[in-house]
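Subject: Structure handover and findings

Hello,

Here is the structure I said I would pass on. Please look it over before reading my notes.

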Amino acid sequence: MPTLTGTLSDGTVVTVDGPFDASLPIVILLHGMGGRSADMTAPATAYPGMAFNRGVVFPSYKDEGLHPTPPLVPVARFYTDPPSSSLTSWNQALLAAGLTTITYNQRGPLISDDVAQLNLLVREVLILGTVPPNLPPVSHFRVAFVAHSRGGIVARSFLTGAGANPDLPGFLSRVTSLITLHSPHTGSGVATLAATVAGLLNSITNAFTAAGLPTAAAFTTGLSGLALTPARGELVLGSPTLAAIAAAEPVAGVTYHTFGGISMDFIRLWADAYTPDSTIPLPVPFPLFHWGSRPTVVGVPLNAASFLPVLGAPVPFVSEIVTLLVTLAATTPELTPGLGDLLVTDARARLPFSTSHTTNFLNHLEALSDPTLQAQVTALLLRLRSPKDQKDNKDTKDGKDSKDKDKEKDHKDDKETKDDNDKPRDFSQLTDPVRLQMAQLALRIEQVAQAVDSLSAQVAQGKSFITPEERPPVGEQALKQDKPLKKK
């Protein structure tokens with residue numbers, strides 16, 4: 001698949017990637033607030049250390065050695081799930097499905113800035129075709145948008161103005177659909193209470209750091225930075241920006257699909273809890289204690305309800321985390337398990353006029369690489385294959401069905417012919433001498449065939465020859481033995 005890169009007149013670098021299949025729309029991928037194109041092309045690079053393998057299996061028992069005393073605390077150590085080794089980006093998932101994509105970095109900081117940039121991209125890439133160099137003709141291609149988080153708001157704002165934009169003649173009629181992923185369509189409580197949320201997240205970050213858990217601390221630091229972004233004012237609940245966009249929707253001819261998440265899980269906090277026999281002294285040598293531990297899931301950071309009293313004794317670090325999480329969840333539903341994805345609630349990710357809404361158990365960042373979500377969106381995009389192509393597929397199917405029917409008919413004719421051949425021949429009504437001889441010859445052929453069948457059966461039974469008496473009459477001898485058929 002060709003990968004073409006070019007620069008717009010405002011300096012924006014644009015990458016067009018894919019097979020350029022005109023039967024499918026070109027997909028413009030839009031990242032979220034504070035992100036970049038790598039969010040959609042290389043999420044592991046964009047957010048290093050923020051995607052974790054929650055399916056990992058740790059050894060069921062660890063030998064902690066011999067000690068002169070029993071364990072003084074219930075836990076040997078705390079740790080977290082390891083980072084994911086690989087992630088599939090949206091760009092990779094769509095290319096694998098045969099779609100063509102466009103990616104670029106939004107410059108911001110405001111939604112209107114990103115809309116102006118998107119207007120220029122559409123004009124120079126999809127209408128004029130001047131960027132990138134050597135771009136195949138795409139002015140006839142249809143277009144779809146797949147947008148994560150704030151990118152969905154940018155796409156909505158762009159569409160409301162595209163129809164009246166003289167720089168984009170006829171473009172809106174080429175737009176088939178907008179698919180948004182965890183976008184705060186009616187605002188975000190995290191943005192509304194940014195300072196409060198950021199303060200609580202910083203407290204949790206400090207608790208993780210003090211406990212020697214840098215990976216969990218890095219994640220909460222990242223969330224704190226998102227909460228304090230300069231553009232958060234446009235995403236507060238009931239903002240004038242969101243109200244103005246909603247007042248101009250839906251855009252005629254565009255199909256909307258929305259996706260939301262309700263998971264607070266991003267990483268599991270584990271503890272190697274000492275086994276009960278660690279407190280029992282060994283009979284020999286005495287007094288020594290053989291310590292052992294087993295891995296136990298303590299909870300999921302940012303999900304207070306997941307912290308269960310599994311350790312048998314209170315741990316100050318865990319108690320502090322739970323207290324902060326309860327306060328955080330009470331602050332905003334975006335941070336409430338079953339309601340939000342850490343930054344956006346599922347309810348606020350919906351549009352009242354969308355054709356469909358799908359809720360997945362995902363957090364906000366998992367929407368950048370989750371294979372189930374990617375399969376759901378890809379299925380929607382593949383349904384947009386052009387009617388002509390669908391007709392060609394139907395003609396191909398009809399042709400195949402016709403061939404299958406012809407084969408079935410031929411098989412039926414062959415069967416009927418076989419059945420006719422198997423019927424006993426009756427030549428008693430024949431009077432013509434030539435036809436009489438033909439009938440006699442046919443009888444001889446049948447006798448030879450029967451003899452061959454008999455020979456085959458004998459060979460199968462272990463006989464390797466036929467006695468002279470068993471040989472059927474052939475040639476003149478066979479004709480002499482024939483009795484002439486009576487004529488009427």
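Below is what was found, starting with the whole chain and ending with two aspartates.

Overall
Please note that this is a predicted model. The average pLDDT of the chain is 81, and 73% of the residues reach at least 70. Two stretches need caution. Residues 415-432 have a pLDDT below 50, and this stretch makes eight contacts in the model beyond near neighbours in sequence. The pLDDT is also below 50 over residues 482-488, again with eight contacts beyond near neighbours in sequence. Where pLDDT is low, the predicted coordinates should not be read in detail.

The chain has 488 residues, and 44% of them are buried. Its secondary structure consists of 14 helices and 12 strands. Taking contacts between residues at least 6 apart in sequence, 76% link residues that are at least 24 apart. The accessible surface is about 24400 Å², with 59% of that area belonging to carbon and sulfur atoms.

The four-stranded sheet
One open sheet is built from four strands in the order E4-E11-E10-E5, with antiparallel pairing. Strand E4 (62-67) and strand E5 (75-80) are the edge strands, each pairing on one side only. On average, neighbouring strands in this sheet are turned by 25 degrees against each other, direction ignored.

Strand E11 (residues 289-299) pairs with E4 in the antiparallel sense through five bridges. Within that pairing, histidine 290 in E11 stands opposite leucine 66. E11 is also joined to strand E10 (residues 269-274), by six bridges and again antiparallel. Here tyrosine 274 has serine 293 in E11 as its bridge partner.

Aspartate 277
Aspartate 277 lies in the loop between E10 and E11. Is this residue, aspartate 277, buried or exposed? Its relative accessibility is 44%, and because partly exposed covers the range between under 20% (buried) and over 50% (exposed), aspartate 277 counts as partly exposed. The side chain of aspartate 277 forms a polar contact of 2.5 Å with the side chain of threonine 275. Aspartate 277 and proline 70 are separated by 207 residues in sequence, while their C-alpha atoms are 9.3 Å apart in space.

Aspartate 346
Aspartate 346 sits in the loop between helix H10 (316-331) and strand E12 (356-360). Its relative accessible area is 8%, so aspartate 346 is buried, the cut-off being under 20%. Which side chain makes a polar contact with the side chain of aspartate 346? The partner is histidine 357, at 2.9 Å. Leaving aside neighbours within four places in sequence, aspartate 346 is in contact with Gly260, Gly261, Ile262, Leu339, Gly340, His357 and Thr359. Histidine 357 is thus named both as a polar partner and in the contact list of aspartate 346.

Regards

How values were computed: Residues are numbered from 1 along each chain as its sequence is written. This is a predicted model: local features need pLDDT of at least 70, side-chain atom pairs count only at pLDDT 80 or more; totals for chains, interfaces and linings use all residues. Side-chain values use heavy atoms; hydrogens and water are left out. Two strands pair if DSSP finds at least two bridges between them. Helices (H or I, at least four residues) and strands (E, at least two) are DSSP runs, numbered from the N terminus. Axes are lines fitted to C-alpha atoms, for helices over the stretch in contact, and angles run from 0 to 180 degrees between N-to-C directions. pLDDT is the predictor's confidence in each residue, from 0 to 100. Contact means heavy atoms within 4.5 Å. Buried means under 20% relative accessible area, exposed over 50%, partly exposed in between (1.4 Å probe, protein chains only). A polar contact is a pair of N or O atoms within 3.5 Å; within protein, one must be able to donate a hydrogen and the other to accept it, and residues adjacent in sequence count only if both atoms are side-chain atoms. Accessible areas come from the Shrake-Rupley method with a 1.4 Å probe; for residues, only the protein chains shown count as cover.
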